[in-house]
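Open the model in your viewer and get ready to make a few selections. We will go from stop to stop, and at each one you will read what is there.

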Amino acid sequence: MNILTGTVLSGSNNIFEVESVNEDEGSSFIRSCSLKSKRLKSEKKYYNPLAPGDVVEIEVEDLQDKKGQITNLVPRKNEFVRWNVKGRAPQLLAANLDYILLVTTPEEPDFRPRFIDRELAQAERQDITPVIIVNKCDLPMAQDSDVIARISNWEELGYTVFKISAKTGEGLPELAEFIQGKFCALVGQSGIGKSSLINVLDDTCVLKTGSLSKKYGKGSHTTTKGTLLHIKLKESLMGGLPGPVTNIIDTPGVRRFVLHDITAEDLALYFKEMAPFVGKCTFGMSCTHTTEPGCKILEAVYSGIISEERFDSWKRISEEIRTGGWCD
């Protein structure tokens, strides 16, 4: 029996594609692997036991076997999750990331800054560096003052923001240079253009793309399961540099992103402009930051240190957590 270490590329129904690398030859081998036991040893219960990017140990009878059994999960550097409402459990989207790439658009589908604010909060909770990608910047709404203001606010908070167009190529060289050699995951709404973005970063990788519903302005799920892709960045994007690569997990589009393991009382800790004021109010940690005198967060809003838009976003998301009434 041979024990190998590999990386999960994708999986469903507890069957996972695992890639192991022969370090002597520099070649890789992909096996279809099942779990040796029904559950991996973990103190956490997830909707899915493994995610793209997970490193696992597998058993194979012969090194040329196309199948194997997963026996152990190597401890994760980090993990990005969301709450799966239908499954009533946290869902792993990706593991062991350098960056989480949060994709949005000014329109088609509609601009949803609170969707990004939720993802930012989850990234802060998981201690993963988020990067915001504003796709379809060639569309007219990219010049809308409200859209510009929200994007500028994210930049002022210190988040890295790339304004790009997968259609025209705007901003793609800067993005390609930034993610070169990194391990990332793309997360966003259905129809946001994640697959189109991958197609223009690597013209040898052709992913199916979808169109928006004319009636609802929402995208269809063209990516049905998360998949780790080894991207060969186009030389034209890298100034002629040959051979640059990056690793990107293309996650399925979601219509709503529900936070996991963040209470309404703790949410302010994951809004980076609010976190420094938490606990410093007159009523300390019991302050709700809504009407109390001596609330440092409210004072920061009144003085312009915290934007009214982000404060409103925090209030709405807090209420969603309390009531379970998730909306746009």
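**Stop one: two helices that meet**

Select Arg114, Asp117, Arg118 and Leu120 in α1, and you will find them in contact with Arg310, Ser313, Arg316, Ile317 and Glu320 in α6. Sorted by class, this contact holds 6 charged residues, 2 nonpolar ones and 1 polar one. Now show the whole of both helices: α1 covers residues 113–126 and α6 covers residues 308–323. Their axes are 10 Å apart, and the helices pack at an angle of about 75°. Angles from 65 to 115 degrees count as roughly perpendicular, and α1 and α6 are therefore roughly perpendicular to each other.

**Stop two: how far to trust the picture**

Before moving on, colour the chain by pLDDT, since this is a predicted model. The mean pLDDT of the protein chain is 89, and 90% of its residues reach 70 or more. Then select residues 210–221, where pLDDT stays under 50. The model has 24 contacts beyond four places in sequence for this stretch.

**Stop three: helix α3**

Next, select residues 172–179, which form helix α3. Which of its residues are buried? They are Leu172, Leu175, Ala176 and Ile179. Turn the view to look down the axis of α3: the buried residues fall within an arc of 100°, so they line one face of the helix. A general point helps here: an α-helix has 3.6 residues a turn, so residues three or four places apart point the same way.

What covers these buried residues? Show β8 (99–104), β9 (129–134), β10 (160–163), β11 (183–188), α4 (194–201) and β13 (245–250), which are among the elements that do. Just beyond the helix, pick out Gly181, which follows α3 and has a positive phi, near 75°.

**Stop four: α3 against α4**

Keep α3 on screen and add α4. The two axes come within 11 Å and cross at roughly 85°, so α3 and α4 are roughly perpendicular to each other. Leu172, Leu175, Ala176 and Ile179 of α3 make the contact with Leu197, Val200 and Leu201 of α4. By class, the residues of this contact are 7 nonpolar, no polar and no charged.

**Last stop: Leu197**

Finish by centring on Leu197, in helix α4. Is Leu197 buried or exposed? At 2% relative accessibility, Leu197 counts as buried. Beyond its neighbours within four places in sequence, Leu197 is in contact with Ile133, Ile164, Ala166, Leu172, Leu175 and Leu186. To try the distance tool, pick the C-alpha atoms of Leu197 and Gly171: these residues are 26 apart in sequence and 11 Å apart in space.

Definitions and conventions: Residues are numbered from 1 along each chain as its sequence is written. This is a predicted model: local features need pLDDT of at least 70, side-chain atom pairs count only at pLDDT 80 or more; totals for chains, interfaces and linings use all residues. Side-chain values use heavy atoms; hydrogens and water are left out. Buried means under 20% relative accessible area, exposed over 50%, partly exposed in between (1.4 Å probe, protein chains only). Helices (H or I, at least four residues) and strands (E, at least two) are DSSP runs, numbered from the N terminus. The arc is that of the directions from the helix axis to the C-beta atoms. Contact means heavy atoms within 4.5 Å. pLDDT is the predictor's confidence in each residue, from 0 to 100. Axes are lines fitted to C-alpha atoms, for helices over the stretch in contact, and angles run from 0 to 180 degrees between N-to-C directions. Angles under 35 degrees count as roughly parallel, over 145 as roughly antiparallel, 65 to 115 as roughly perpendicular and the rest as oblique. Ala, Val, Leu, Ile, Met, Phe, Trp, Tyr, Cys and Pro count as nonpolar, Asp, Glu, Lys and Arg as charged, and the others, Gly among them, as polar.
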